[in-house]
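Reader: I have a model open and want to walk through it. Can you put it up so we can talk?

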Amino acid sequence: MSQDKIYVIGIGGTGMRCLECFVHLCAIGMFDNKEINILTLDTDQENGNLTRVWQLIDLYNRIKSPSEKTEDYGGKPLNNTFFSAKLNLTKYWPDYSGEKNYKALARISNVNDENTKENIDLASLFLSDDAQSFYLREGYRAQTHLGSQLMYHAIMEATMKVKQDSADVKPWEKDLMKFIEDIGDKPDRRVFIFGSIFGGTGASSIPVVPKAFNDALYLKTGKNMSAKFGASLLTEYFKFKSPNDAQKKKPGQNVVADSNYFTLNSQAALQFYRNDPTVQDTYKCLYNIGWPVEPIDFSKNSTEAETITGGKEQKNPCHITELVCAFAAYDFINRENFENKSAEYLFRDVPFSEGTFHFDFEDMTAESSSLKNAFAGFYSIALMTLTFQKAALENTEGISGWLQLAKQFGYDGYSELDSQSKLNITNYLKTFLFSLDKSGHVVNGWLYQIRDSFNGKFLLPDLAYAKQWSAIEKINAGTLLPDTENQWGKDKSADKCAQQFAKEFGNQKDSVKEGQGKETKERIIAQLFNTISTLQKLKQV
Amino acid sequence: MVSTVPVYIISAAFAGVFLLIAAIISNAIKFEGGANPKDPGKRKMWFWILAIIGTIANLLFGLFTYYYPENNSYAKSQLITAIGIGAGICFALYIVLGFVLSATIKNGKINNWFHHKK
């Protein structure tokens, strides 16, 4: 297994949702013993998907933190358990607040100034007046020719400010530089980038980030970067309603991303990634991820009159393609060697016919046994905690219920676990699977969002994604895996499964090994992992 | 002179039968989830309800089904006394056996009769 240091970068709205999928893979325990440095790169710091992934990573880290002390935040890398990877988050965004547009950034807004006339002419050669005038606070709006230039400029400007120790250097600019310097010139570094290639921020940044990072490092330290870069080339898979004329007439809104062009954008981008020598030199692996059916409509249930191009409202549900991107990162991170000097283009296909897919564990990774255990195990614990332990409502927790039930079978442990930690673990399970709102309606968590994004089979039987609460309560967590030897709840009711789990949890009291964690929170999470692994008979504990 | 031994034997049998009913009911009560499950309390409650019902049933059984010699008031009073003592024995035996069972079967539903874990 590779010992390279891992860096993962999410760019733009799609990049953030890919990152969300990646964090959930970390939570189910797919990245044992790894310390992963995450960078979120977005032009729009209020973007709903960006704040959602920040909150998710924070929740993950609070679950892993053995204490409230700052130095303990995020815990440490562990082995053979849920939440095994340690995640370090760096946030960076170019400052496009207010009414900043290209003209303002390039200082070419004053047309009467003779000195700028030449620059205006130069800019006009490449960019339309509309492209130079729209407000950048909600991203590059599918104007990748402008976005690539601006993202490169933002990274280089941040580097200059940090190098010169400028008075107006922002904390997030310092953080970015720290991230770049940590990658440094060492070859044992792997950097994976998430983003779409058909939209705005991600599509603009994926081609330039390796070069910008290298140039920034050179500018700051005089060294060249020799890290291995990988990225997902995610083509069109969603759409939204086209902007109307009234919206385009608003100040700074003269360019609005139009999803009618996403197919064309994708085609052009793929040609670029296939032929561009800089891309081929800087990237080691490029994962082609496409969507062969009608794109999902993000405006479908929206009541907004205008096209949402960013901001708090852009909080789109996750999609299966984003999970596939997360598995691409899994492949890149665990890859043994990189023989090719130039970029390797990778893909795999999934059984598909008449508009329906058949996603199985083997389609996601070659290490399907590990995934089966982790995925079905985490799902089962989440399901039983939220249903049997009655923890699906807001501000309710289900860990006390397990400890109470385990006591009935003679196991009395973890009395020292504080209520906030129990609530954090339960909240993560709700984010992963589902929750109930005040009126008793099921609110889709991440996994339910993924399941809803396509037609067909998704890893577990269809009944595992029931929508009605009465049906959810009847799901038998012990019969979800296909092989009978892994079905620990066969011929049992959902209630009996929960009892069996609690009983086995007690039996596993001495099973937690040193690498699985020493602190109370680490031990209880590891004991839950050992319990479900023993029941599923998929992994030796 | 009447023999009171059968009265005591029947009282002991009552204790055993009602203890069995309590065990069946306790096992029929499902484990509940959540931080404050109600099921241990329910089992405990049914144990005590059956203790009272068993004792009263034993008393009523004695009073209404035994044969009382009409012309022997001494024997009659002796029998009634035995029925009262038998009911006491039934109650005491039920509690003692229940406690022993609860302490013996540490992991399970019967344990809740006397060891309601919080």
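Reader: Start with the three-stranded sheet. What is the strand order, and how do the strands pair?
Author: This is a predicted model: local features need pLDDT of at least 70, side-chain atom pairs count only at pLDDT 80 or more, and totals for chains, interfaces and linings use all residues. The sheet is open, in the order β10-β11-β14 of chain A, with mixed pairing. Strands here are DSSP runs (E, at least two residues), helices are runs of H or I with at least four, and both are numbered from the N terminus. Two strands pair if DSSP finds at least two bridges between them.

Reader: Which strands sit at the edges?
Author: β10 (352-353) and β14 (456-458) of chain A. Each pairs on one side only.

Reader: How many bridges join β11 to β14 in chain A?
Author: There are 3, and the two strands run parallel. β11 covers residues 356-359 of chain A. H358(A) stands opposite K457(A) in β14(A).

Reader: Quick check on numbering. How does it work?
Author: Residues count from 1 along each chain as its sequence is written, while chains are lettered from A and ligands numbered from 1 in the order in which they are written.

Reader: Now the seven-stranded sheet. What is its order?
Author: β3-β2-β1-β4-β5-β7-β9 in chain A. That sheet is open too, and its pairing is parallel. Its edge strands are β3 (86-92) and β9 (344-346) of chain A, each paired on one side only. From one strand to the next, the twist averages 20 degrees.

Reader: What holds paired strands together?
Author: Strands of a sheet pair through backbone hydrogen bonds, either parallel or antiparallel.

Reader: And how many bridges join β2(A) to β3(A)?
Author: 7 bridges, with the strands running parallel. I36(A) stands opposite L87(A) in β3(A).

Reader: Which helix lies across β1, β2 and β3 of chain A?
Author: Helix α2, residues 48-64 of chain A. Its direction is about 150 degrees to β3(A). Axes are lines fitted to C-alpha atoms, for helices over the stretch in contact, and angles run from 0 to 180 degrees between N-to-C directions.

Reader: Switching to M30(A). Where does it lie?
Author: In the loop between α1 (12-27) and β2 (35-41) of chain A.

Reader: Buried or exposed?
Author: M30(A) counts as buried because it has 26 C-beta neighbours inside 10 Å. The cut-offs: 20 or more other C-beta atoms within 10 Å is buried, 12 or fewer is exposed, and in between is partly exposed, with C-beta atoms placed from the backbone.

Reader: Which residues does M30(A) contact?
Author: Leaving aside neighbours within four places in sequence, M30(A) touches L25(A), Y330(A), L371(A) and A374(A). Contact means C-beta atoms, placed from the backbone, within 7 Å.

Reader: Y330 falls in α13, residues 320-334 of chain A. How many residues of α13(A) are buried?
Author: 13 of its 15, so α13(A) is mostly covered.

Reader: What about the span of α13?
Author: At 1.5 Å a residue, its 15 residues should span 21 Å, and the end C-alpha atoms are 21 Å apart, which agrees. The expected span is 1.5 Å times one less than the number of residues.

Reader: Step back to the whole of chain A. How many helices and strands?
Author: 21 helices and 14 strands. The radius of gyration of chain A is 24 Å, close to the 24 Å that the globule rule gives for 541 residues, so chain A is as compact as a globular protein of that length. That radius is taken over C-alpha atoms, and the rule is 2.2 Å times the number of residues to the power 0.38. Of the 541 residues in chain A, 51% are buried.

Reader: And chain B?
Author: Chain B has 3 helices and 0 strands. Its radius of gyration is 18 Å, but a compact globule of 118 residues would be near 13 Å. Its C-alpha atoms fill a box of roughly 65 × 20 × 15 Å along the principal axes. In chain B, 32% of the 118 residues count as buried.

Reader: What do the buried residues of α3(B) pack against?
Author: α1 (5-28) and α2 (39-65) of chain B. Those buried residues include L79(B), F91(B) and Y94(B).

Reader: Last one. How many residues of chain B contact chain A?
Author: 9, in contact with 14 residues of chain A. The chain B side divides into 3 nonpolar, 3 polar and 3 charged. Nonpolar means Ala, Val, Leu, Ile, Met, Phe, Trp, Tyr, Cys and Pro; charged means Asp, Glu, Lys and Arg; the others, Gly among them, are polar.

Terms used. Contact = placed C-beta atoms within 7 Å.
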